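Reader: I would like to go through this structure feature by feature, and to learn how each kind of feature is read before we turn to the particular case.

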Amino acid sequence: MVPTPRGRSVTRAVAALLAVLAPVVLVACNGDPYPQSSLHPASDGATAIDDLYRQIVIWATVVFVVVEALVLYTVMRFRARPGQPEPAAVHGNTVIELLWTVAPAVILVFIAVPTMRTIFLLDGRTAPDGALEVEVVGHQWWWEFRYPALNVTTANELHLPEGRPVRLTMTSADVIHALWVPRLMGKRDAILGRNTRIVFTPDSAGTYLGQCAEFCGTSHANMRFRVMVDASGVFESWVAAQQGGVAPLDTANALVAEGDTAFRRIRLPASNSCIACHAIQGVSGGVLGPNLTHVGSRTTLAGGILSNDSAGLARWLANPPGEKPGSLMPRIELTPREIAALVAYLESRQ
Ligand code: CUA
């Protein structure tokens with residue numbers, strides 16, 4: 001059969017729709033099956049949120065099925081038929097009006113009670129004894145994580161021990177940000193001049209993706225981070241490595257020594273000097289950018305958007321605002337040799 005023009009245009013429309021949908025479906029198949037799914041909770045707090053969500057989905061399903069059934073029934077039963085006279089006008093029906101007032105009110109009670117219970121559970125929690133304290137500072141556009149009791153400061157990668165309660169105390173260095181790790185916790189705003197808190201216990205080791213969840217400027221979408229929930233022993237060795245002080249300079253490697261010099265160099269304007277913004281223990285004390293004392297031990301750079309390897313570091317150093325639009329780290333005129341030296345030096349800061 002020869003397809004009609006109408007048939008051909010339908011085929012084309014279906015093909016176009018599939019072409020648009022295919023990437024969306026394929027994006028979902030990227031290794032980690034649940035990178036940011038709150039339906040696969042990995043902490044007690046996220047499990048409470050997931051339970052609530054599932055209860056509400058059940059109620060929403062009941063409402064949907066009943067309402068749609070009534071709509072279909074009404075449409076079929078009372079549709080116009082040939083020769084049918086105009087139906088009589090009716091004003092009010094006490095029984096039906098009572099039903100459609102009372103039934104939603106009852107359903108809302110069934111939704112409101114578990115919702116409030118979950119809110120109070122998550123908000124009113126105090127940290128149990130032995131909870132790990134972490135201070136979180138949101139910056140445009142990266143995350144700082146400090147462990148005051150352990151004297152450790154890191155960026156964009158939060159390490160937590162599996163099975164131990166943790167209390168995050170959040171604030172901001174500039175505008176409002178929001179910390180969100182869908183598999184571990186609900187969203188929590190980070191606000192300048194205020195401390196917000198959240199308490200939870202991660203229950204399975206793994207790497208969980210987080211994301212700033214409050215629009216905070218040009219690179220809001222590039223304000224990512226990772227939470228590494230470490231199995232017993234792994235967290236302790238990470239802490240020991242972070243506390244281990246600054247790595248000695250590999251004097252046999254000329255590039256590393258050059259990188260050390262380039263890092264310390266005072267450039268003009270002063271904001272073009274690495275040491276103006278970054279701290280490396282024993283070298284500099286800048287607090288505007290991430291602490292780089294152990295930058296080589298991290299897996300990502302620049303708000304979690306670049307992998308922390310030679311290529312990623314070189315790309316970042318060559319043009320920060322090109323990688324992360326609006327980046328407060330300026331583009332600094334560096335020679336290829338200086339970039340290679342800084343890459344070697346930073347990678348040696350383990
Ligand atoms: Cu920080 Cu959005």
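Reader: Let us begin with an open sheet of 5 strands; in what order do the strands lie, and what is the sense of the pairing?

Author: Please keep in mind that this is a predicted model. To read a sheet, one follows the pairing from strand to strand. Here the order is β4-β10-β9-β6-β7, and the pairing is mixed. The strands at the edges are β4 and β7 (188-190), each of which pairs on one side only, and neighbouring strands of this sheet are turned by 25° against each other on average, with direction ignored.

Reader: In what sense do β4 and β10 pair, and over how many bridges?

Author: Strand β10 (residues 224-230) and β4 pair in the parallel sense, over 5 bridges. At the level of residues, Glu157 stands opposite Arg226 in β10.

Reader: Which strands form the other open sheet, the one that contains β1 and β5?

Author: That sheet has 5 strands in the order β3-β2-β1-β5-β8, again with mixed pairing. Its edges are taken by β3 (152-155) and β8 (196-200); each has a single partner strand, so one side of each is left without a neighbour in the sheet. Between neighbouring strands of this sheet the average turn is 20°, direction ignored. The edge strand β8 pairs with β5 (residues 166-172) in the antiparallel sense over 5 bridges, and within this pairing Ile198 in β8 is the bridge partner of Leu168.

Reader: Once the sheets are traced, how should I place a helix such as α4, and which strands does α4 lie across?

Author: One asks which strands the helix is in contact with, and then at what angle the helix runs to a strand. In one sheet, α4 lies across β1 (132-139), β2 (142-147) and β3, running at about 100° to β3. In the other, α4 lies across β4 and β10, and the angle to β4 is about 130°.

Reader: How many cavities of 30 Å³ or more are there, and which residues line them?

Author: The count comes to 2 cavities of 30 Å³ or more. The largest, with a volume of about 40 Å³, is lined by Cys274, Leu317, Pro320, Met329, Pro330, Ile332 and Leu334, a lining of 7 nonpolar residues with no polar and no charged ones. The second largest cavity also has a volume of about 40 Å³, and its lining consists of Thr154, Glu157, His159, Trp238, Gln242, Ser297 and Arg298. Two or more residues of that lining come from each of β4 (157-161) and α4 (234-243), and the lining divides into 1 nonpolar, 4 polar and 2 charged residues.

Reader: What is the volume of the largest pocket, and which element gives the most to its lining?

Author: The largest pocket has a volume of about 650 Å³. Of the 36 residues that line the pocket, the closest to its centre are His278, Gly289, Pro290, Trp316 and Met329. The elements that give two or more residues to this lining are α6 (274-277), β13 (300-301), α7 (310-318) and α9 (336-347), and α7 gives the most, with 3 residues. By residue class, the lining holds 22 nonpolar, 11 polar and 3 charged residues.

Reader: Finally, how many salt bridges does a search of the whole structure find?

Author: Side chains of opposite charge can pair when their charged atoms come close. The search finds 8 salt bridges in the whole structure, and one of them joins the side chains of Arg54 and Asp50, at 2.9 Å from N to O. These two residues are 4 residues apart in helix α2 (residues 44-77), and are therefore separated by about one helical turn.

Note on methods:
Residues are numbered from 1 along each chain as its sequence is written. This is a predicted model: local features need pLDDT of at least 70, side-chain atom pairs count only at pLDDT 80 or more; totals for chains, interfaces and linings use all residues. Side-chain values use heavy atoms; hydrogens and water are left out. On a 1 Å grid over the protein atoms alone, a cavity is a set of points where a 1.4 Å probe fits but cannot get out, and a pocket is an open set with protein on both sides within 12 Å along at least five of seven lines; lining residues have an atom within 4 Å of a point. Grid points are joined across faces, edges and corners, and a volume is the space filled by probe spheres set on the points. Ala, Val, Leu, Ile, Met, Phe, Trp, Tyr, Cys and Pro count as nonpolar, Asp, Glu, Lys and Arg as charged, and the others, Gly among them, as polar. Two strands pair if DSSP finds at least two bridges between them. Axes are lines fitted to C-alpha atoms, for helices over the stretch in contact, and angles run from 0 to 180 degrees between N-to-C directions. Contact means heavy atoms within 4.5 Å. A salt bridge is a side-chain nitrogen of Lys or Arg within 4 Å of a carboxyl oxygen of Asp or Glu.
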